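Visitor: I have a model on my screen and I'd like to learn how to read it. Could you walk me through a few features?

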Amino acid sequence: MKNKFAAFAMLFMAVFTLASCLNDDTDYVYTDDSAITSFSVTGAKRYIHTKTKKGDKDSVYTTTSSYTSYKFVIDQNNNTIYNPDSLPCGIDAKKLVCNVYGLNSMTVYIKNLKDDNVGIVSNTDSLDFSEVRELKVMSNSGKFLRTYKVKVNVHKEQADSFFWASMTKNADIEQLQNVKTCAIKTAEGKDRLFLFGTDGNNTKLYVMNNGQTWTAATPKLNDAVLTFDANVCKSIVTKNEKVYICNAGNILCTTDGNTWEQTGNATTIKTLVAASPLRLYGYNTEGSLLASDDNGATWTLATIDSDASFLPTNNLSYTCTALRTNSNSYRVTIYGTTATGAMAIWGKVDEGNKYSENQPWAYYEVSTENKHALPKLNNMSVATYDGKTYALGTPDGMNDSNANLYSSKDGGLTWAKDTILTVPTEITSNKENASNTPNMALTVDSSNFIWIVNATEGNTWRGRINRLGWKKEQTDFTE
């Protein structure tokens, strides 16, 4: 690490002289190309924070291992080297052992951090990559020198860490009951949240843009002020970045909460219960489940595989997720309680490909032997997040602060209290006053934030598992 870079230029001259002495009749042609062709981290120390067995104290232990599975991109156009997938949190970037190879076995040099001196990169000695470093490689002809900027990315936060951030409190939403919230992405690629709730007579609407604060909407249809009946807050779905509601039999949609469009007029639909990018689903005034392929203009009877009495009618919520195995196909699931008060879950696969069959709605019967069924929840909201289904609510019969967040890994068949996500500790209520039971709503936006609103206290929280917010770096380059 002590030699000046100019010093090893003399080395190439010596090589040329030696070659000519060995055989005067042989001409040697040395390439003018120079490049680094491979970079990997073969050894690093990692400091891992954990809890003691009792869980009351933090402890730290050290591991040393290879991280060759973390691939480094070599951008030959811009002479940069970096790892798109950052090394795990806790890696000591000041002591990395790296394998670096140059074209045609060219020697690779590293510039000192404090001066212009350079040294040969060794595949056994540790190097400091806690900041951007310069690697240099010279062509075998000695004519061309190439310099690369190397950045080794290391996560600053634990991948599965999660915490709730409290948003600005809004006293206006404290008056709302039966709240429901949903999220869409705007045409500009921003997230927009909607909060519906009743004031006892009508449904009110609040909108939040870019995680700022709730603002009361002024809904209008053809410049006429819209009034939503009290049932609207039970009839909210999203489809293709629009929010749909059923208001006195009319199907309406919006992208901003203020300007509304009517897509279905004087239908027999009483409540919208679910949606996919392909269809809307709703109950008519007779309690039958119907489907619409044209955003609510016309409706047909949906096929179900069990007795209609098992369909949930109260405390309704739904999820819709795209299938990984089939394009233009979605799994739609409805959650709620039946007329008898029992929990009920129904699901179907919605397909939009040519010649695909229309699958019936299937009743997910819960066996009496299932010890992990979803308990009956009041004020229930359901959403999908990080490959799981989450259900938020207060267990039936509890008028206190025992609001719980359950998760399911199998699409709603079995449930457990989640090990990563729990409800914010600030969600509290007066055990002696049932009216103060948390009045909550749950949703997820396109930026992988999960949101909880407790209208009882006017509070809103959002959180995100760290790894779901990590930026995806470019890995493919073209000239």
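Guide: We'll go through a sheet, some salt bridges and two buried residues.

Visitor: What kind of model is this?

Guide: It's a predicted model, where local features need pLDDT of at least 70 and side-chain atom pairs count only at pLDDT 80 or more, while totals for chains, interfaces and linings use all residues. Residues are numbered from 1 along each chain as its sequence is written, and side-chain values use heavy atoms, with hydrogens and water left out.

Visitor: How do I read a sheet, and what is the strand order in the open one?

Guide: Strands here are DSSP runs (E, at least two residues), numbered from the N terminus, and two of them pair if DSSP finds at least two bridges between them. In this structure, an open sheet of 4 strands runs in the order β11-β37-β36-β35, with antiparallel pairing. Its edges are β11 (164-166) and β35 (440-444), each pairing on one side only. From one strand to the next, the twist averages 20°; that angle is taken between N-to-C directions of lines fitted to C-alpha atoms, on a scale from 0 to 180 degrees.

Visitor: Which residue of β37 stands opposite I452?

Guide: That's W461. The strands involved are β36 (residues 450-454) and β37 (residues 459-463), which pair in the antiparallel sense over 5 bridges.

Visitor: How many salt bridges does a search of the whole structure find?

Guide: The count is 12. To qualify, a side-chain nitrogen of Lys or Arg must be within 4 Å of a carboxyl oxygen of Asp or Glu. One of them joins K111 and D116, with the closest N and O atoms 3.7 Å apart. Some also link up: R279, D293, K348 and D350 form a network of salt bridges.

Visitor: Which parts of the chain does the R467 and D386 pair tie together?

Guide: Those side chains meet in a salt bridge at 2.7 Å, N to O. R467 sits in the segment after β37 and D386 in the loop between β31 (377-385) and β32 (388-395), so the bridge ties together parts 81 residues apart in sequence.

Visitor: Are R467 and D418 buried, or are they exposed to some degree?

Guide: The scale is relative accessible area: buried means under 20%, exposed over 50%, partly exposed in between (1.4 Å probe, protein chains only). R467, at 30%, is partly exposed, and so is its partner D386, at 28%. D418 and K388, on the other hand, are both buried. Their side chains meet in a salt bridge at 3.0 Å, N to O. D418 is in the loop between β34 (416-417) and β35, and K388 is in strand β32, so this pair ties together parts 30 residues apart in sequence.

Visitor: What else does the D418 side chain meet?

Guide: The side chain of S407, in a polar contact of 2.8 Å. That term means a pair of N or O atoms within 3.5 Å; within protein, one must be able to donate a hydrogen and the other to accept it, and residues adjacent in sequence count only if both atoms are side-chain atoms. S407 lies in strand β33 (residues 404-408) and is buried at 9% relative accessibility. Leaving out residues up to four places away in sequence, S407 touches several others, including K388, Y390 and W415; contact means heavy atoms within 4.5 Å.

Visitor: Where is L280 placed?

Guide: In strand β24 (residues 280-284), buried with a relative accessible area of 0%. Beyond its neighbours within four places in sequence, L280 is in contact with residues that include V237, Y244, I251 and W299. G296 is another contact, and the C-alpha atoms of L280 and G296 are separated by 6.8 Å, although 16 residues apart along the chain.
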